[in-house]
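Biologist: I should like a close look at a single part of this chain, followed outward to whatever surrounds it. Please answer in one connected account.

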Amino acid sequence: VYRAQFDDYSPTLYSEVLADEHKIRIDHETIRRWLLNDGVENFSRKKRPHRKKRERRSAIGELIQFDGSPHDWFEGRGPACCLLHAIDDASGRAFLRFVPTENSADVLRTLRAYIERYGIPKALYTDHGSVFYAEKKLTDVGRAMQMLGVQMIFANSPQAKGRVERGNRTHQDRLVKELRRAGISTIADANIFLDETYLDDHNARFAHTEDLADIHHSAEGLDLTNIFCFQTLRQVHNDYTITLEEQYIQLEKSEAPLPLPKQYVTV
């Protein structure tokens, strides 16, 4: 069975498949020993330099690590894309979304979906990518987090984001194979699979939420549409117009007073 269907599976993942689908329960170390004795060595782990682990945070929602993982997720059945990965530092609970690239619009959508599902975290830990960080100004993601009271923390190296980086490697192994077995080749179908199957199963296996306080706070009553958006400042002209993307927009009278010419408005 292994050689016919699962020859690129690790012993741990293969033992889970045997138990779930074939009702055969064999310890993964036994499978590892059998495969090694049979000359199969393609699952050996790569040695990585030892690093001292940072202690996990003590509560769910205290720190969320966030990263994008571009990869050939569909193994040529569809275009390469990016997996946006949010993982709770304390519990290891993951939230995932497939997007074409790690861009501001899709990151905003993904963070909104996370908050609608779990609530607003205390801090967000990311790299210095242009979606998150810019010199002397806020990005749209940074501004949205500021409006929600979420602290932005920026990692100085990939190793500093160890938890989310290790999670990316896990998904590039496990999730790729799950998508293959399900015959999935589009971002839309992959996101449905994440929500309906993969995330619950993955978190049940790997997340540890027991005995941890959850300090997410509710987003109820917040206008998330006008938080998770693009905002820019524009000056009002003498004829009460502004320009945006090389087009004129006329400001019309309403119950609210019009801004005066030369003032700046947020669009």
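Between which two strands is the loop in which Ser254 is found?

Modeller: The model is a predicted one, and every statement below should be read in that light. Ser254 sits in the loop that links S8 to strand S9, residues 264-266. Its relative accessible area is 53%, and the cut-off for an exposed residue is over 50%, so Ser254 counts as exposed.

The strand that precedes this loop belongs to a hairpin. Strand S7 (residues 241-244) and strand S8 (residues 247-250) run antiparallel and are joined by 4 bridges. One of the pairings can be followed by residue: Thr243 has Tyr248 in S8 as its bridge partner. The hairpin leaves 2 residues between S7 and S8, and Glu245 in the turn adopts a positive phi of about 50°.

A useful reference point for Ser254 is Val141. The two residues are separated by 113 positions in sequence, and their C-alpha atoms lie 31 Å apart. Whereas Ser254 is exposed, Val141 is buried. Val141 belongs to H5, where Gly142, Arg143, Ala144, Met145 and Leu148 are buried as well. The cover over these buried residues includes H4, S5 and strand S4, residues 123-126.

The contribution of H4 to that cover can be described geometrically. Two packed helices are described by the angle between their axes and the distance between the axes. For helix H4 (residues 104-118) and helix H5 (residues 140-148), the axes approach within 9 Å and cross at roughly 25°. The cut-off for roughly parallel is an angle under 35 degrees, and therefore H4 is roughly parallel to H5. The crossing of H4 past H5 is right-handed. On the H4 side the contact involves Ser104, Val107, Leu108, Leu111 and Ile115; on the H5 side it involves Asp140, Val141, Ala144, Met145 and Leu148. Val141 thus appears in this contact and among the buried residues of H5.

Both flanks of H5 have a residue with positive phi. Just after the helix, Gly149 has a positive phi of about 80°. In the loop between S4 and H5 lies Lys136, whose phi is near 65°, a positive value in a residue other than glycine. Lys136 has a relative accessible area of 86%, which means that it is exposed. Glu75, in the loop between S2 and strand S1 (64-71), also has a positive phi without being glycine, at a value near 50°. With a relative accessibility of 33%, Glu75 counts as partly exposed.

S4 and S5, which help to cover H5, lead on to the sheet. Strands of a sheet pair through backbone hydrogen bonds, either parallel or antiparallel. Here 5 strands are arranged in the order S3-S2-S1-S4-S5, giving an open sheet with mixed pairing. Its edges are strand S3 (94-99) and strand S5 (151-154), each of which pairs on one side only. From one strand to the next, the twist averages 25°.

At the S3 edge, strand S2 (residues 81-88) runs antiparallel to S3, and 6 bridges join the two. Cys82 has Val99 in S3 as its bridge partner. Helix H7 (residues 187-206) packs on the sheet and touches S2 and S3, its direction making about 165° with that of S3. With a relative accessibility of 2%, Cys82 counts as buried. The number of disulfides comes to 0. Cys82 accordingly takes part in none, and its nearest cysteine sulfur, that of Cys81, is 7.5 Å away.

H7 has a helical neighbour in addition to the sheet. Helix H6 (residues 162-182) packs with H7 at an angle of about 130°, the axes being 12 Å apart. H6 is therefore oblique to H7. The two helices cross in a right-handed sense. H6 makes this contact through Thr170, His171, Arg174, Leu175, Glu178, Leu179 and Ala182, and H7 through Ala190, Phe193, Leu194, Tyr198, His202, Arg205 and Phe206.

To return to the point of departure, Ser254 is an exposed residue in the loop between S8 and S9, with its C-alpha 31 Å from that of Val141.

Terms used: Residues are numbered from 1 along each chain as its sequence is written. This is a predicted model: local features need pLDDT of at least 70, side-chain atom pairs count only at pLDDT 80 or more; totals for chains, interfaces and linings use all residues. Side-chain values use heavy atoms; hydrogens and water are left out. Two strands pair if DSSP finds at least two bridges between them. Axes are lines fitted to C-alpha atoms, for helices over the stretch in contact, and angles run from 0 to 180 degrees between N-to-C directions. Contact means heavy atoms within 4.5 Å. A disulfide is a pair of cysteine sulfur atoms within 2.5 Å. Buried means under 20% relative accessible area, exposed over 50%, partly exposed in between (1.4 Å probe, protein chains only). Angles under 35 degrees count as roughly parallel, over 145 as roughly antiparallel, 65 to 115 as roughly perpendicular and the rest as oblique. A crossing is left-handed if the near helix is turned anticlockwise from the far one by less than a right angle, and right-handed if clockwise.
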